[in-house]
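Visitor: I'm in my first year and still learning to read these pictures. Could you take one part of this structure and walk me through it closely, then show me what else is worth a look?

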Amino acid sequence: MINMSNKDIITLLHGAGGSYMHSLIKNVFMKLNDNYGEVGLEMLDDAAVINDTVISTDSFIVRPIFFKGGDIGRLSVSGTVNDIAMMGGNPIALSLAIVMEEGFPLSDLEKIVDSIKKTAEEADVHIVTGDTKVMEKGSLDKIIINTSGIGNRPPQLDYNINTLRKNRQPSRWLVPTNLRPGDKIIVSGTIGDHEISILSSREGIGFEANVKSDVAPLNKLMLKLLEVGGIADAKDPTRGGLADLLNDWSEKSGLGIYIKEEDIPVREEVRAAVEFLGMDILELSNEGKVVLAVSPEYEKDVLEELHSDPLGKYATTIGEVRKDISGVIMETVIGGQRYVGRPIGSPVPRIC
């Protein structure tokens, strides 16, 4: 009999957005890298760029499929739209592939398709092709959705990149190597809402919170922010949350990031839930927030633009990029300092 350790098999942690997943990608999937494209697989970003076309793909396995503030349909459109928008692209079209379990209720499928249609209209993107498969009952947990998307290069991105050239030599796209010391770290709103919503919607958890998921397409907001200028990079803090995102930026830029705990926006209901469950707010998933690295002279204008939009109403500056520290350091509410490492993975499986 062969005994296999966790090093020899795939576990839930390998898909949870933390160090296990990053290790899997680097050790296994990076064998596919051939340095193709202006922003290719070697960047380990959520989208790629080929001939000024942005492309991204994502699969969604959230449980439950209907939750407070959204459903798997809204999530599948928003997730891929946002990955393209975070690169600075303007998403225009999506493919839609759905795998269902035999016996899946047609009424639920119709609800999901209706949600996909409404969210695509909200984001002004088009569903242009797709695929449908059905598997035997018991071989799949209800439904899996994959969306792939393409986007083009908007003029707003060209303007934004030109504003960065005052104090750096940036890439033509929003990538972590654009970061420079002094850049401000801005988050567009309260964090942790999506993951707490998913948890409180699950049966058998024994926990209830009046929190709705923040799931939303962010592409129109991103275009408005690019019109302001000064955006060095943008990323949505999904699996692994803020902790994983900031560590990714620090590693790829070679710079440190300093944040202040008291400045991080968190709903009181989410804070109470996190304390009750013993979770780290920095590691919770979000599906309708963007974190921005902004050239300091544009900080005020970017915040004003965010505050004028419902999706950025609670935006705030939480820290800055620094060259005198390594990794991610957080100043705690009691005045001490805490090293923020990359999480092993999301504490909750199947959140997106």
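Guide: Let's start where two helices meet: helix 6 and helix 9 cross in a right-handed way. Keep in mind that this is a predicted model. In general, a pair of packed helices is described by two things, the angle between the axes and the distance between them. Here, helix 6 packs against helix 9 (residues 299–307) at about 150°, and the axes are 9 Å apart. That angle makes helix 6 roughly antiparallel to helix 9.

Helix 6 has another partner too. Helix 4 (residues 155–164) crosses helix 6 at roughly 40°, with the axes coming within 7 Å. The two are therefore oblique to each other, helix 4 and helix 6. As for handedness, the crossing of helix 4 and helix 6 is left-handed.

So how enclosed is helix 6 by the rest of the structure? Helix 6 covers residues 219–228, and 7 of its 10 residues are buried, so the rest of the structure largely encloses it. If you want to find the buried ones on your screen, look for Asn 219, Leu 221, Met 222, Leu 223, Leu 225, Leu 226 and Val 228. A handy bit of background: an α-helix has 3.6 residues a turn, so residues three or four places apart point the same way. Now slide along to the end of the helix. Gly 229 comes just after helix 6 and has a positive phi of about 100°.

That brings us to backbone angles. Most residues other than glycine have a negative phi, and most peptide bonds are trans. With that in mind, look at Leu 44, which is not a glycine and yet has a positive phi of about 50°. You'll find Leu 44 in the loop between helix 1 and strand 1. Leu 44 is partly exposed, with a relative accessible area of 24%. Lys 142 is also a residue other than glycine with a positive phi, near 70°. Lys 142 sits in the loop between strand 6 and strand 7, and its relative accessibility of 42% makes it partly exposed. For the peptide bond side of things, go to Arg 63 and Pro 64: the bond from one to the other is cis, with omega near 5°. Pro 64 belongs to the loop between strand 2 (53–60) and strand 3 (66–67).

Let's go back to the loop that holds Leu 44, between helix 1 and strand 1. Val 28 lies in the loop between helix 1 (19–27) and strand 1 (48–50). Val 28 joins Phe 29, Leu 32 and Leu 41 in a nonpolar patch on the surface, and together they have about 380 Å² of accessible area. Val 28 itself counts as partly exposed, at 40% relative accessibility.

Now for the charged side chains. The structure holds 24 salt bridges, and a few make a nice tour. Remember the loop with Lys 142, between strand 6 and strand 7? The side chain of Asp 141 forms a salt bridge with that of Arg 350, at 2.7 Å from N to O. Asp 141 is in the loop between strand 6 (126–135) and strand 7 (143–152), while Arg 350 is in the segment after strand 14 (337–339), so this pair ties together parts that are 209 residues apart in sequence. Both ends can be checked for cover: Asp 141 is partly exposed at 34% relative accessibility, and Arg 350 is partly exposed with a relative accessible area of 22%.

Another pair to pick out is Glu 320 and Lys 184, a salt bridge whose closest N and O atoms are 3.1 Å apart. Glu 320 belongs to strand 12 (residues 316–322) and Lys 184 to strand 8 (residues 184–187), so here the parts tied together are 136 residues apart in sequence. Glu 320 counts as partly exposed, at 26% relative accessibility.

Next, try Asp 131 and Lys 133, whose side chains meet in a salt bridge of 2.7 Å, N to O. Asp 131 is partly exposed, with a relative accessible area of 35%, and Lys 133 is partly exposed at 44% relative accessibility.

Last stop: which residues are linked in a network of salt bridges? They are Asp 244, Asp 248, Glu 251, Lys 252 and Arg 342.

Notes. Residues are numbered from 1 along each chain as its sequence is written. This is a predicted model: local features need pLDDT of at least 70, side-chain atom pairs count only at pLDDT 80 or more; totals for chains, interfaces and linings use all residues. Side-chain values use heavy atoms; hydrogens and water are left out. Patches are made of residues with over 30% relative accessible area and no salt bridge: like charges are joined within 9 Å, nonpolar side chains (Val, Leu, Ile, Met, Phe, Trp, Tyr) within 5 Å. Accessible areas come from the Shrake-Rupley method with a 1.4 Å probe; for residues, only the protein chains shown count as cover. A salt bridge is a side-chain nitrogen of Lys or Arg within 4 Å of a carboxyl oxygen of Asp or Glu. Helices (H or I, at least four residues) and strands (E, at least two) are DSSP runs, numbered from the N terminus. Buried means under 20% relative accessible area, exposed over 50%, partly exposed in between (1.4 Å probe, protein chains only). Axes are lines fitted to C-alpha atoms, for helices over the stretch in contact, and angles run from 0 to 180 degrees between N-to-C directions. Angles under 35 degrees count as roughly parallel, over 145 as roughly antiparallel, 65 to 115 as roughly perpendicular and the rest as oblique. A crossing is left-handed if the near helix is turned anticlockwise from the far one by less than a right angle, and right-handed if clockwise.
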